[in-house]
Amino acid sequence: MFPIKGNNRPVAPGAGFSLLELMVGMGLSFTIVVATLAAYAFIGRNFTRMANTQRVEASSRRAFAQLAKDVNSATKITSATTTTLGLTLPSGKAVTYTYSVPSGTAYNRGTLIRREDADVTLVSNIDTTVKTSTNPQTSFQFNYFDPSGNLILPSSASALACIKEIELTFFSAYTSDKQTSADNLKKSSYAAVSPRLALNNRSFLP
């Protein structure tokens, strides 16, 4: 028999990996993989929250733009509470803004509805879990100001005539998941406050 030619160098007694070295290497590799996956999950949640925030911001801007158009042109205020506002437009049509929490709404979200000839939902993601000091029932609130800029609570016809400016505040929250809002990591929250809108098309009491 002739020996097969090749690299027949003897193997040193300490060559190769020991069991401890293999375990340490596997542990480090596992840690790196877990950290990488966690980073991707974190980045994904952040992108989702950013998209949700843009959604609620756009919804709020549309609602404020419509409210400003109606308030600036209104000739009369027919009703004014913390959650409802009634206006009469120059055309004689009545417009009503109403806040409500429909039964069965996902995550118990409130809605702002504008009613003229038909109901139009302006905002549908108002967070009912946030309260305000003035209105402990909801985060949604109409604020009313007299010609001196003082906050008033209209409770009579004469008080309605004193309203010069109107402000709307609410707290939006949006999530695309089907989890509960309490433990949803992709939930986006947005505090919306309109500028003070003046009733430019009516006369005010001194």
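On the surface of this predicted model, Leu20, Val24 and Leu28 come together as a nonpolar patch whose members share about 310 Å² of accessible area. Val24, one of the three, belongs to helix H1, which covers residues 19–73. With a relative accessibility of 47%, Val24 falls in the partly exposed class, because that class lies between the 20% limit for buried residues and the 50% limit for exposed ones.

**Overall layout**

The protein as a whole contains 2 helices and 10 strands, and read from the N terminus these elements follow the order α-β-β-β-β-β-β-β-α-β-β-β. Of its 206 residues, 33% count as buried, while the area that the protein exposes comes to about 12700 Å², with carbon and sulfur atoms supplying 61% of that area. Among the contacts between residues at least 6 apart in sequence, 53% join residues that are at least 24 apart.

**Aromatic side chains**

Across the whole structure there are 5 aromatic pairs. In one of them, the rings of Phe64 and Phe170 have centres 5.8 Å apart and planes at 50 degrees, so this pair is classed as tilted. Phe64 sits in helix H1 and Phe170 in strand E8, residues 165–174, so that the pair links parts of the chain 106 residues apart. Both of these rings belong to buried residues, since Phe64 has a relative accessible area of 14% and Phe170 has one of 3%, and the limit for counting as buried is 20%.

Phe170 also takes part in a second pair, this time with Phe140, in which the rings are stacked, with 6.3 Å from centre to centre and 20 degrees between the planes. Phe140 lies in the loop between strand E5 (119–127) and strand E6 (141–145), whereas Phe170 is in strand E8, so the pair ties together parts that are 30 residues apart in sequence. Phe140 is buried, as is Phe170. Taken more widely, Phe64, Phe140 and Phe170 are among the members of one aromatic cluster that also includes Tyr99, Phe142 and Tyr144.

**Charged side chains**

The structure has 5 salt bridges, and three of them are set out below with the distance between nitrogen and oxygen.

| Residue with N | Residue with O | N to O distance |
|---|---|---|
| Arg114 | Asp70 | 2.8 Å |
| Lys93 | Asp117 | 2.9 Å |
| Arg196 | Glu165 | 3.9 Å |

In the salt bridge between Arg114 and Asp70, Arg114 comes from strand E4 (residues 109–115) and Asp70 from helix H1, which links parts of the chain 44 residues apart. Arg114 is buried, and Asp70 is buried as well.

The salt bridge between Lys93 and Asp117 joins two loops, with Lys93 in the one between strand E2 (84–88) and strand E3 (94–100) and Asp117 in the one between E4 and E5, 24 residues apart. Here Lys93 is partly exposed at 36% relative accessibility, whereas Asp117, at 63%, counts as exposed.

For the salt bridge between Glu165 and Arg196, Glu165 is in strand E8 and Arg196 in the loop between strand E9 (188–193) and strand E10 (197–198), so the pair ties together parts that are 31 residues apart in sequence. Arg196 is partly exposed, with a relative accessible area of 41%. Salt bridges that share partners also join Asp70 and Arg114 with Glu116 in one network.

Arg196 has a further partner of another kind, because its charged end sits over the ring of Phe145, 3.6 Å from the centre of that ring, and a charge is counted as sitting over a ring when it is within 6 Å of the ring centre and within 35 degrees of the ring normal.

**A position in the loop between E4 and E5**

Which loop holds Ala118? Ala118 is found in the loop between E4 and E5, the loop that also contains Asp117. Ala118 is partly exposed, with a relative accessibility of 48%. Ala118 and Val95 are 23 residues apart in sequence, and their C-alpha atoms are 9.9 Å apart in space.

Key: Residues numbered from 1 in each chain as written. Predicted model: local features only at pLDDT ≥ 70, side-chain atom pairs only at ≥ 80, totals over all residues. Heavy atoms only, no water. Patch = residues over 30% accessible without salt bridge, like charges linked within 9 Å, V, L, I, M, F, W, Y side chains within 5 Å. Areas by Shrake-Rupley, 256 points an atom, 1.4 Å probe, with all protein chains shown as cover. Salt bridge = Lys/Arg side-chain N within 4 Å of Asp/Glu carboxyl O. Helix = DSSP H or I, 4+ residues; strand = E, 2+ residues; numbered from the N terminus. Buried < 20%, exposed > 50% of the residue type's maximum accessible area, 1.4 Å probe, protein only. Phe/Tyr/Trp six-rings, centres within 6.5 Å; stacked < 30°, edge-to-face > 60°. Contact = heavy atoms within 4.5 Å.
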